[in-house]
Amino acid sequence: MKKLLALSVLAAFSSSVFADVNYSLSVSQPEHHLGDVNVEFPETAQAHLDVKLPAWRTGRYEILNLANGVRYFAAKDEDGKALKWEKIDASTWRIHLDEPTEVSVDYQVYANELGKRARHIDDSHAFIDASGFFMFSESFRQEPVTVNLDVPKEWRSVSGMDNAASKHSFKAADYDILVDSPIETGINELHKFTVDGREYELVIWGDGNYDVEKVLTDLKKLVTTGNVIWDDYPYERYVFMVHATSGAGGATEHINSTIIQRPRDRFGSREDHLAFISTAAHEFIHTWNVKAYRPKGLTPYDYTHMNYSKLLWIAEGSTSYFEDHLMVRSGIETTDEFFKVLSKTINRHLQTPGREVQSATATSFDKWIGQGGDHARNYSTNIYSEGSLISMALDINLLSQSNGQQSYRDVHRALYNTHKLPKGFTAENVKSILNDLTGRDYSDWWASNVDAPANIDFDLLLNKVGLVFERPSDAKYKASIDATAKNSGGLLTLSYVRRGGAAWQAGLTSEDKVIAFNKKHVGKDLTASLETFKAGDEVTVDFIRRDALQQTTLTLSEDFDKPKKVVANKAATEQQMALFKAWMGVEHPNLTK
């Protein structure tokens, strides 16, 4: 009984203020994507020590089941004696302790998931996101950590963390910093530069058709734009990590770094270069929006469960919205190029029937269980595009109501100044900021545009800043079945059928294989196969479903061969052009041509 009491008392003081958690990773068999991990935990007097591997990683709101790559788990005490352990759930190993001791944990990790941006090892590099490699214990989550890498001598290791004892070792204040500070180690090229007293690094793994000097030129422009929105920078050093590769794409934000993946041949053209820099802008903005302030429900992170929030549309969508603002203001992107991007976003929104079903609040909360494909587009929205357009609607509303004196940037400046981590902000906090900023109650606006599916009048909205959303004058009418198809094995397989459209009403669905229109075999292209028809024609459709030939009849709808575009209103008033400048930070196109 006395021993149990002593253990209970000691458990309350189980870790020293100066006790570090030490991680080691040996890239032992890179060609087989294997690494050996050792974790040294400080002395603890608990009856058991639970160690966990995150089930997801920051920046990707999806359970990834990262523990599935762990094998050969073993635990020892400070004398090297084996400790009993058991796995108690998908991501947790419980180590049983009979007396106070330091604990050493060893295990092997299989790292061949490059596209998830959590872990990857091969014979040329390792990408190390701690969530995919390094276990933690809640008992020591706030303790300082060190990471030591045993990698081939010709490899170079780069991270947003500071180096520790060697060029392949790093240190962080605690596990939360570690898990948000990935390491890129391997054969790579490294470029360093300084802007406004802050240090930057660009590390690139993989050969691609990128122009390093052009990339560096535009990154230097980009990183000067933080004060467009915020009063200061939350870092002194920032690392851009780039994977020029194949089979992986996307990007993830971290505390003072980002990892961007693109196909190796998708850097060279002007369009591809802008897409790459735009992604860098998105992750750069996240340094404030998400990494410095974020919604309640996401702070502190729970690494083994879903972290719910109804405000992911702000965390991600508003970040997407601000991308082009920084690109245009810094001179990286022209207004015409911005209009092209905005046109795509609006058209995609209008062609997504799910916008009539799911609100920004709902899509935020359901992000963890969101699905892609036909049903998602017909009945759902996404936090990125929907959040971006709602952000634009709110921004232009604020600008127009204040003659250009107040904007959505002021809202994010206030969130940064008043709700820095570890605080989290709520919808009520945002509405309170809007009220303080404008003296108006935004509850009704919020109910109509955020808590309910938004119905944005783009013509009215864009007119306020001297723009129009119009069909090109040379656009031509065409017949449509309101579906898309891909050619597979010589057959046109429907990949998407728009809810309520012609094909939908005729009973067609995705994965149906279209054989013929009016008994004539369709070609390899759906659009070409419909060229001889006009809107309103009734056609019979032969198709294959479940390996059986079937037939239906549909009435072709009317569409255009060219989408609508955002362009400058040539008749824009001085007030509209002034509001455009307050919105985008540059002159209205009418004043520059």
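**Exercise 1. Helices α11 and α12**

In this predicted model, helix α11 (residues 408-418) packs on helix α12 (residues 427-438), with the two axes 10 Å apart and at an angle of about 120 degrees. Work out how α11 is oriented to α12, and say which residues make the contact.

*Solution.*
- Step 1: Angles of 65 to 115 degrees count as roughly perpendicular and those over 145 as roughly antiparallel. The angle here is about 120 degrees, so α11 is oblique to α12.
- Step 2: As for handedness, α11 passes α12 in a right-handed crossing.
- Step 3: On the α11 side, the contact is made by Asp410, Val411, Ala414 and Leu415, and α12 brings Val430, Ile433, Leu434 and Leu437.
- Step 4: Sorted by class, the contact of α11 with α12 holds seven nonpolar residues, one charged residue and no polar ones.

**Exercise 2. Helices α10 and α17**

Now try helix α10 (residues 385-401) and helix α17 (residues 574-584). Describe their crossing, then find the residues that meet.

*Solution.*
- Step 1: The axes of α10 and α17 come within 10 Å and cross at roughly 125 degrees.
- Step 2: This angle makes α10 oblique to α17.
- Step 3: Look for a right-handed crossing of α10 and α17.
- Step 4: From α10, Met392, Asp395, Ile396, Leu399 and Ser400 meet Leu579, Ala582 and Trp583 of α17.
- Step 5: The classes in the contact of α10 with α17 are six nonpolar, one polar and one charged.

**Exercise 3. Helices α4 and α5**

Give the packing angle and axis distance for helix α4 (residues 212-222) and helix α5 (residues 270-286), and sort the contact residues by class.

*Solution.*
- Step 1: α4 and α5 pack at an angle of about 35 degrees, their axes lying 11 Å apart.
- Step 2: The crossing in which α4 passes α5 is right-handed.
- Step 3: Lys214, Val215, Asp218, Leu219 and Leu222 of α4 meet six partners in α5: His273, Phe276, Ile277, Ala280, Ala281 and Phe284.
- Step 4: The contact of α4 with α5 divides into eight nonpolar, two charged and one polar residues.

**Exercise 4. The sheet and its edge**

Trace the strand order of the seven-stranded sheet, and name its edge strands. Then find the bridge partner of Asp162 in β14.

*Solution.*
- Step 1: The sheet is open, with mixed pairing, and its order is β4-β7-β2-β1-β11-β14-β13.
- Step 2: β4 (70-77) and β13 (162-163) are the edge strands, each pairing on one side only.
- Step 3: β13 is joined by two bridges to strand β14 (residues 169-172), and the two run antiparallel.
- Step 4: Asp162 has Lys171 as its bridge partner in β14.

Notes:
Residues are numbered from 1 along each chain as its sequence is written. This is a predicted model: local features need pLDDT of at least 70, side-chain atom pairs count only at pLDDT 80 or more; totals for chains, interfaces and linings use all residues. Side-chain values use heavy atoms; hydrogens and water are left out. Two strands pair if DSSP finds at least two bridges between them. Helices (H or I, at least four residues) and strands (E, at least two) are DSSP runs, numbered from the N terminus. Axes are lines fitted to C-alpha atoms, for helices over the stretch in contact, and angles run from 0 to 180 degrees between N-to-C directions. Angles under 35 degrees count as roughly parallel, over 145 as roughly antiparallel, 65 to 115 as roughly perpendicular and the rest as oblique. A crossing is left-handed if the near helix is turned anticlockwise from the far one by less than a right angle, and right-handed if clockwise. Contact means heavy atoms within 4.5 Å. Ala, Val, Leu, Ile, Met, Phe, Trp, Tyr, Cys and Pro count as nonpolar, Asp, Glu, Lys and Arg as charged, and the others, Gly among them, as polar.
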